[in-house]
Amino acid sequence: THSMEDVRFLIEPMIKMEFAFVPGGRFMMGDTFGEGIENEQPVHEVNIDSFYLARYQVTQAQWKKLMPENPSQFIGDQRPVERVDFDDVLNFTKRLTEINQGRFTFLLPSEAQWEYAARSGGLNEKYAGGNHVEKLAWSEENSGGSTQPVGKKSPNGLGLFDMSGNVWEWCRDFFMEKAYQYHENMNPLCDKENPDRVIRGGGWNTDAWSVRCARRTGFPSQYFGSALGFRLVLLNQIS
């Protein structure tokens, strides 16, 4: 028998969500290019355990399979679902876990997992997949003023798409400006209660500076917008 770690890509059986294996390792988290703002400092070493991350932002087609209505502004089955608040995302995640009947659990990535995966497993990449933003990301320069179907730009080194641009992505952490001063070395997660959650990746309406891997900001958990969606982590429950 194969362990899950032998499988580079995995398809969740119920709504066919595709996941990529992110091998564990250590990396320097934060603004390694010296182009960011204070909340991306200090650059610090973080160790991340292996995990699986969705290759694409959750699409409207996937959302509609589990949820009563599609809240998105820019309608299209293969476009990312947007205008979802943090509770909406948790409800979707809970339903996906339930229909998989104990085989898998799904949750949002921590911001450390997110940045490590965006940077192709902790490489020193400015954008997710390298330094050529046009090839990798939908931003205000090229999006035409809306979201775009997922997976149309080049993937990063792990086979993940749209980690830079298209829509921002909710993360699990509460947002703190100074989070990096308090990060644990191993699998850090900011769980200090706060009205804001971390969002990552930039969107179709942001400049190239905001689609950098290191860029981090917070958003009130009950708010939503047409440039904010999500992707999920998959945990294997079968030993």
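This is a short tour of the aromatic rings, the charges that sit over them, and the enclosed space in this structure, which is a predicted model.

Begin with the rings, of which the whole structure offers 12 aromatic pairs. Select Phe-86 and Trp-170, and turn the view until both rings can be seen: they form an edge-to-face pair, with 5.5 Å from centre to centre and 75° between the planes. Phe-86 belongs to helix α2 (residues 86–99) while Trp-170 belongs to strand β7 (residues 168–174), so this pair ties together parts that are 84 residues apart in sequence. Are these two rings buried or exposed? Phe-86 is buried, with a relative accessible area of 4%, and Trp-170 is buried too, with a value of 0%.

Keep that selection and add Phe-219 and Tyr-223, because ring pairs link these two residues with Phe-86 and Trp-170 into a cluster.

Next, look for charges over rings. Select Lys-153 together with Trp-138, and you will find the charged end of Lys-153 over the ring of Trp-138, 4.4 Å from its centre. Then select Arg-197 and Phe-174, where Arg-197 lies over the face of Phe-174, at 3.8 Å from the ring centre.

Finish with the empty space. The structure holds 1 cavity of 30 Å³ or more, and the largest cavity contains about 60 Å³ of space. To find it, select the residues that line it, namely Gly-30, Asp-31, Thr-32, Phe-33, Arg-119, Glu-125, Lys-126, Arg-212, Cys-213 and Ala-214. If you colour this lining by character, you will have 3 nonpolar, 2 polar and 5 charged residues.

Note on methods
Residues numbered from 1 in each chain as written. Predicted model: local features only at pLDDT ≥ 70, side-chain atom pairs only at ≥ 80, totals over all residues. Heavy atoms only, no water. 1 Å grid on protein atoms, 1.4 Å probe; cavity = no way out; pocket = protein on both sides within 12 Å on 5 of 7 lines; lining within 4 Å. Points joined across faces, edges and corners; volume = space filled by probe spheres on them. Nonpolar A, V, L, I, M, F, W, Y, C, P; charged D, E, K, R; others polar. Phe/Tyr/Trp six-rings, centres within 6.5 Å; stacked < 30°, edge-to-face > 60°. Helix = DSSP H or I, 4+ residues; strand = E, 2+ residues; numbered from the N terminus. Buried < 20%, exposed > 50% of the residue type's maximum accessible area, 1.4 Å probe, protein only. Lys NZ or Arg CZ within 6 Å of the ring centre and 35° of its normal.
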